[in-house]
Every structure is written in structure tokens, then in C-alpha cells.
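Student: I should like to go through the terms applied to this structure and the grounds for each.
Tutor: Please ask about them one at a time.

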Amino acid sequence: VTPMETDAAGGGEGGKKRRASQAAGGAKRKKGAKAEEGADAEGAGPSGIGEASPVPGGGATPPVAGQGTGKRRKKEKFPGSLPGSKGEGGDEPLANGTAPPAKGAGPAGAGQQAMSAKKLAAQAKASAAASAALAAEQAAAETAAAAEDVLECGSCVDVFYPAVGKRASTDGGVSSQGEWRVGTVVRAHIGNPAGAPAPAGGKNSTAAAYPSHVVYDVMIRGGVEEKCLARSRLRLVCATCLADKRTFKPPPMYCEKCLAGIHQRWRYWDEAREDETPSVKLCNRCFNDVRASPESAVIMHELVGRAVDLSIFVERKEKDRPEFVDNWVQCEECHSWHHWVCALFKGEDTPEDTEWFCESCRKNRNKQLPDELVVPHATALPETELSKTLEKSVASALSDGSISCNPVTVRVVSNIENTNKVNETLRLSHVRSGDEAGGGGGEGASAYPEEFPYRSKCVLAFQERKGHPICFFAMYVQ
């Protein structure tokens, strides 16, 4: 008997048993005929579980009981009828009593499981990195929002409108030309700045997408409301004069040696001191002369009265001096900001906890200033004989010229007696030249005075405008 005949004979009985098992399980497969042909051609060894032999025609042999294929099978609609399949009631034992093979067993299944584990690890790592980045971004956003100069509702601001078309010139991608329009901040909130792309996810995700962007709704004078304006387009202005800053001309500087005024285009040398002691300033010519002199320390000590080190002097220009700008004060009621000069605020002499109210709130909301902030009228200043004479002369001149206006108030606000010391170089020059006052020779040195007494006065003229006395004239005399 040939091996083929032995396999066919053994395979026929096995096929009949399996077909009976399939019929009892209720499984219906479309390719049952092909399975029967493959089962009839299946061979078995002496033990009945030998190696599978190839089927004539080149087809693959079905799996033998107790062996897995390494391929995943689709879950059957009915309870499993094939050996190794998983039904609704759980895994069924095989004919030889062994457990069914695990799903995805074999080399291919193990590779797929390893790839799945790697993908899960990569996804977990990416998720952790994204969470850390989001936390860092939120922390940075909170810090930026806290450090940002947030404008309060009621603040008077200027809104920048960049130029468009040919008039627009860009500097670093931002238009540097345009115009400013005055408005009032109506609302400050977290939102999407105007011109920025809207975040994905709707309105609820705006605060999450732009956590540090505080935008403002501003009512422009004229009735137009601009919404969601970024802080970069706004600048705080005074509610009285509508200017962002009020600058003052710096006081003049003079050389300590020649007493000449240091002009804007001149270079001068400044003693770079870190303490509060007033620094010494010398013009360029005097500094070079003193530095070249062998007795520079003696000369500086005679000029200033203390030891001066020329090595710490720094060359500067008059235009490099910092700006002298006015300070700001905020109304406690409407939160508007004003310059000290515009608000008639006393300034440094006022306690920090004192509440100040603007003129609009005093008129419309019945707010009163505390006594320490009340500015007296010009007529409350003390009078002198000189101020009375000047005030009568001004009133007479206005009457003669048929000029009708508010009366002019004249007051002398400063009257100081002081002495001016004579410069030693000037005094010695008079002595050497034989000045007539000195009488010549050594007697002139003792006769020429070392100081001159003088009186300094300051005269101011006031006129009432819109309920406030305005100083429109000042004169200093000696």
C-alpha cells in the first residue's frame, strides 16, 4: 500500500468525524466542499497526529488539531465550531484535551504585539511632552499677563491706526506711520486680538489659545467703538490735556571753573558718582586744563571744597541728559489718569494714602478733595507793598486801554536775602590790574570784598480761567 493510499484512508474517517462535529455545532461555511476535499486528502501517521502532507493541486493543508497557524481568525457569528475558534461561551478545549492556542500566537503575532507596545510607548511619551509644554506655556502666559501693564476701564488712551497704501512704511514688519485717535477704555478682557487667526474649537477655546492676550474695547471720540484691540496699539494719555507725557526743559548747567553755561551741542565732563553727593561738571576746555596741571588736586579742592578724583570723570553731551517728565495721578472714582500739572496736584508733599478726585467727579459725582489737597486761590497769597503797586498799575493800564477781562492778581512769592562769594581768580585779577576800588598794590587785596550781599525776588501774575487761577507771567529780579 502506498503512502498516498494510507493517508487517504485515514483522512476519510477523520473527515467524517469533523463534518459530524460541524453539523452538531451549527456552523455553516460556504467553502465546506473545499474543506471536505482537503480533509479527505489529509494524512495521518500511526498516532493519528503526524505531520501534514501536501495536498495534490498545490493547496495548503488545513491545521491539525492542537496546532495553531499564527493568523487571526474573524470571530464567528455563532458559537465556535472550528477547532481552536473562540465562541460566545469562551474557549473550548480541543480534541486532545489541550487549551486552544492564544490569539495572535506565532512569530507574526508576537511581532505585531511588539509593534503595538512600541506605538503605545511612543504615544505616551508624546502625550507627556505635550502636557509638559502646555503647562510651561500656561505658566509663561500667567507671568506675562501679571507683568503686563493692564489698562483699567475709564482710562483715556490713544489708539494707533497704521497707514495703508503708499503712505505706509514698514519697519521690521510693522507699519511705522499712521495716526492716533483719542478714546476711552470700555472693557478689558481675555480674547483673540483683532487681526490674529481665530483658534480652533470655537469661542470657548479663545482663552486657552490666547491666555496672555488682554484685549480692550475702546470707545473712540465720535461714537465709534473698536473691539479687541491689543495693548501694543494703545498708549495712556492724560484725560485733561490728551498728551501721553509732559516734558519740561531741564535746568541749565554751568562749568564749576569758568561758570560758563554748557550748551546743548557742547561736550562736558561729569563726575560719575554713585552716592547722592552733587557731581562736579566741567566744560571740555577747563577739564583739559585742570588735568594737564600738576596741581590739579589743589585746584579742584579750591573750586569744590572737597577732594575730587579726575579719573572717574565721564565725557557726556548735554543732549544725553534724561528727560524731565511730569508724574501721574489717578482718580479714585473714575480711574482716569492725569498729569500733576493738569490736575493741580501738590505732588511730593501729599501723603501716599490720600484719595484724589478729578474735577469731573467733583462736579458730577459730588466728590470732595481732602484739606491737604485743596489748592488755595491766588488771592489767598500774602500781599506786599510791591505786589499792591504792581497790581494797581496793571489794572490802570487795562482800564486805559478799554480792555475788559478778568482781574489780574500780582503777588511776590519769594523774597530772599543772600550773599554771593567772589571767585578768587576774579579777585586776584582785580588786584594785579590795579583796580581803582583796590587802590593798587597789596592794599587792594584787603579792600576788595570777598562777598556781595543781594536780594532775590520772584513776582507772579495770575488770571482766573475756567475757575482756576492760571499763572501767565513770572519775573525773577536781583
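Student: What makes Glu 332, Glu 352, Asp 353, Glu 355, Asp 371 and Glu 372 a negative surface patch?
Tutor: Asp and Glu count as negative. Patches take residues with over 30% relative accessible area and no salt bridge, and like charges are joined within 9 Å; a salt bridge is a side-chain nitrogen of Lys or Arg within 4 Å of a carboxyl oxygen of Asp or Glu. This is a predicted model, in which local features need pLDDT of at least 70, side-chain atom pairs count only at pLDDT 80 or more, and totals for chains, interfaces and linings use all residues. Residues are numbered from 1 along each chain as its sequence is written, and side-chain values use heavy atoms, without hydrogens and water.

Student: Why is Glu 355 called partly exposed?
Tutor: Buried means under 20% relative accessible area and exposed over 50%, with partly exposed in between (1.4 Å probe, protein chains only). Glu 355 has 46%, and is therefore partly exposed. Glu 355 is in the loop between helix H7 (340-343) and helix H8 (359-364).

Student: Why does Ser 456 count as buried?
Tutor: Its relative accessibility is 19%, so Ser 456 counts as buried. Ser 456 lies in strand E18 (residues 451-465). Leaving aside residues up to four places away in sequence, Ser 456 touches Ser 414, Asn 415, Ile 416, Val 477 and Gln 478, where contact means heavy atoms within 4.5 Å.

Student: What is Val 477 part of on the surface?
Tutor: Val 477 forms a nonpolar patch with Phe 472, Phe 473 and Met 475, with about 350 Å² of accessible area together. For such patches, nonpolar side chains are joined within 5 Å. Phe 473, in strand E19 (residues 468-477), has a relative accessible area of 40% and is therefore partly exposed.

Definitions and conventions:
Helix = DSSP H or I, 4+ residues; strand = E, 2+ residues; numbered from the N terminus. Areas by Shrake-Rupley, 256 points an atom, 1.4 Å probe, with all protein chains shown as cover.
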